[in-house]
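Could you walk me through this structure stop by stop, telling me what to select in the viewer and what I'll find there? I'm new to it, so keep things relaxed.

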Amino acid sequence: MATRRKPGEQRPGTRKPNKGKIRKKAAQRRPAGKKVGTRKKTSGSRPAGPRRLPKNAKPLKVTPLGDDPLLEGLDESLGADLDLAPVGESPVDSSIRLNKFLAEAGVASRRHADELIQQGRVTINGEIVTELGRRVDPTVDDVRFDDQKLQKERPTYVLFNKPKGIVCTNAKNEQRKRVIDHLPMLKGRLFTVGRLDVDSEGLIVVTNDGELAQHMAHPRHGIAKTYSVIVKGTVDLAAVEKAQSGVWLSEGKTAGFKVRIDRKSRDRTYLRVSVREGKNREVRRVFARLGYNVLSLKRIRIGPLSLHGLGPGKWRFIKPGEVAQLMELGNQPNDF
């Protein structure tokens, strides 16, 4: 009959385990610095990862939006008339005022375009339009001036050194050489901003931008134009002061010039004259009124644009930065 061992008594024929060696092997297997029997506790949160659902849990039934009984009876047409853009986008209105479109098409300045509209010379999609403020979409509407279809042109800005004998008109029946005849390589409708008479020479801006033309020509902005002038006789200081204070012409008193005498000879005076107005042949008429005949007149500067490096009959494109300067100018000092 087998004898029953007492608690803690070793079985016969077995070796007593070496507890020191067991602890040593366990220490070699666990990561360094981790204590035996310790476990990192969390502050009441469950372990990361997807949460297990109970075995008897039923899947949640999702009702489609259109089948939701709570939505029954609502008018399905709600919002049908709204012109909503896709998420992240906003509707774009590409329409512009008709006079601005005519200016951008090179027909005329905005102010003159309003006159052309009132004269009934402009049609939109075959309909004559005479009211001001009408808007058009250049990408959709068929806009015509004198039955010629218009389209927005790429802005062109040219600085031209006009020689004597050249005229600034765009008239097709003109027999003399025109400024635009010197620019045959440039396509589209171009026109000069302001004019130089046939006997004068120097700088003139040629463009198809009606907005720039209106800005430069409007007296409110007063863009200074500087001339090198030679007059017959010896100009005295009294005449210079009168020219600077303003002289009465047929259309009224001039705003006054800034005048500087560069040098004098026995029968001629060489002047530098800066003007902000745009009266017809103003410099010649003012000095004629003061008793002096102008022998030579050359425009050498328009605002930031100078004649430097540009020979007679030559031209160059105006840089974008220079165009921006012209648009920003207004009532600046008349610096030579």
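## Starting at helix 6

Just past helix 6, pick Gly291: its phi is positive, near 100°. Keep in mind along the way that this is a predicted model.

Now select helix 6 itself, residues 282–289. Which of its residues are buried? They are Glu282, Val283, Arg284, Val286 and Phe287. To see what covers these buried residues, add strand 10 (225–232), helix 5 (237–245), strand 11 (248–249), strand 14 (268–275) and strand 15 (294–302), which are included in the cover.

One helix 6 residue to look at separately is Arg285, which is partly exposed at a relative accessible area of 24%. Show its side chain together with Glu251, and you'll find a salt bridge whose closest N and O atoms are 2.7 Å apart. This pair ties together distant parts of the chain: Arg285 sits in helix 6, while Glu251 lies 34 residues away in the loop between strand 11 and strand 12 (252–253). Glu251 is partly exposed too, with a relative accessible area of 42%.

## Into the core

Next, select Val229, Phe257 and Phe287. These are the residues with the most contacts inside the largest nonpolar core, which has 31 residues. Which elements give two or more residues to this core? Color strand 7 (157–162), strand 9 (201–207), strand 10, helix 5, strand 14, helix 6 and strand 15 to see them.

Zoom in on Val229. Setting aside neighbours within four places in sequence, Val229 is in contact with Thr269, Tyr270, Leu271, Val273, Val283, Val294, Ser296 and Leu297. There is also a second, separate core, with 19 residues, and Phe191, Ile223, Ile318 and Val323 are among them.

## A stop at Ile223

Let's follow one member of that second core. Where is Ile223? Look in the loop between helix 4 and strand 10. Is Ile223 buried or exposed? Its relative accessibility is 2%, so Ile223 counts as buried.

Turn on the contacts around Ile223. Beyond the neighbours within four places in sequence, Ile223 touches His215, Met216, Val275, Arg276, Ile302, Gly303, Leu326 and Leu329. Try a distance label to Ile302: the two residues are 79 apart in sequence, yet their C-alpha atoms are 7.3 Å apart in space.

## Two helices crossing

Now show helix 4 alongside helix 7 (residues 320–328). Their axes come within 9 Å and cross at roughly 45°, so helix 4 and helix 7 are oblique to each other. The crossing is left-handed. For the contact itself, select Glu211, Leu212, His215 and Met216 on helix 4, plus Leu326, Met327 and Glu328 on helix 7.

## Looking for salt bridges

How many salt bridges does the structure hold? There are 13. Side chains of opposite charge can pair when their charged atoms come close.

Stay with Glu211 for a moment and add Arg110. They form a salt bridge, with the closest N and O atoms 3.5 Å apart. Here too, distant parts of the chain are linked: Glu211 belongs to helix 4 (residues 210–217) and Arg110 to helix 3 (residues 110–118), 101 residues apart. Glu211 is partly exposed, with a relative accessible area of 34%, and Arg110 is partly exposed at 24%.

Another pair to select is Glu174 and Arg176, whose salt bridge has its closest N and O atoms 2.9 Å apart. Glu174 is partly exposed, with a relative accessible area of 23%, and Arg176 also counts as partly exposed, at 44% relative accessibility.

For a group of three, pick Asp197, Arg281 and Arg284, which are linked in a network of salt bridges.

## Last stop: a loop with positive phi

Finish in the loop between strand 5 (143–145) and strand 6 (148–149), where you'll find Asp146. Asp147 is in that loop as well, between strand 5 and strand 6. Most residues other than glycine have a negative phi, and most peptide bonds are trans. Check the backbone angles here, though: phi of Asp146 is positive, near 50°, and phi of Asp147 is positive, near 65°. Asp146 counts as partly exposed at 40% relative accessibility, whereas Asp147, at 63%, counts as exposed.

Key:
Residues are numbered from 1 along each chain as its sequence is written. This is a predicted model: local features need pLDDT of at least 70, side-chain atom pairs count only at pLDDT 80 or more; totals for chains, interfaces and linings use all residues. Side-chain values use heavy atoms; hydrogens and water are left out. Buried means under 20% relative accessible area, exposed over 50%, partly exposed in between (1.4 Å probe, protein chains only). Helices (H or I, at least four residues) and strands (E, at least two) are DSSP runs, numbered from the N terminus. Contact means heavy atoms within 4.5 Å. A salt bridge is a side-chain nitrogen of Lys or Arg within 4 Å of a carboxyl oxygen of Asp or Glu. A nonpolar core is a set of buried Ala, Val, Leu, Ile, Met, Phe, Trp, Tyr and Cys residues joined through side-chain atoms within 4.5 Å. Axes are lines fitted to C-alpha atoms, for helices over the stretch in contact, and angles run from 0 to 180 degrees between N-to-C directions. Angles under 35 degrees count as roughly parallel, over 145 as roughly antiparallel, 65 to 115 as roughly perpendicular and the rest as oblique. A crossing is left-handed if the near helix is turned anticlockwise from the far one by less than a right angle, and right-handed if clockwise.
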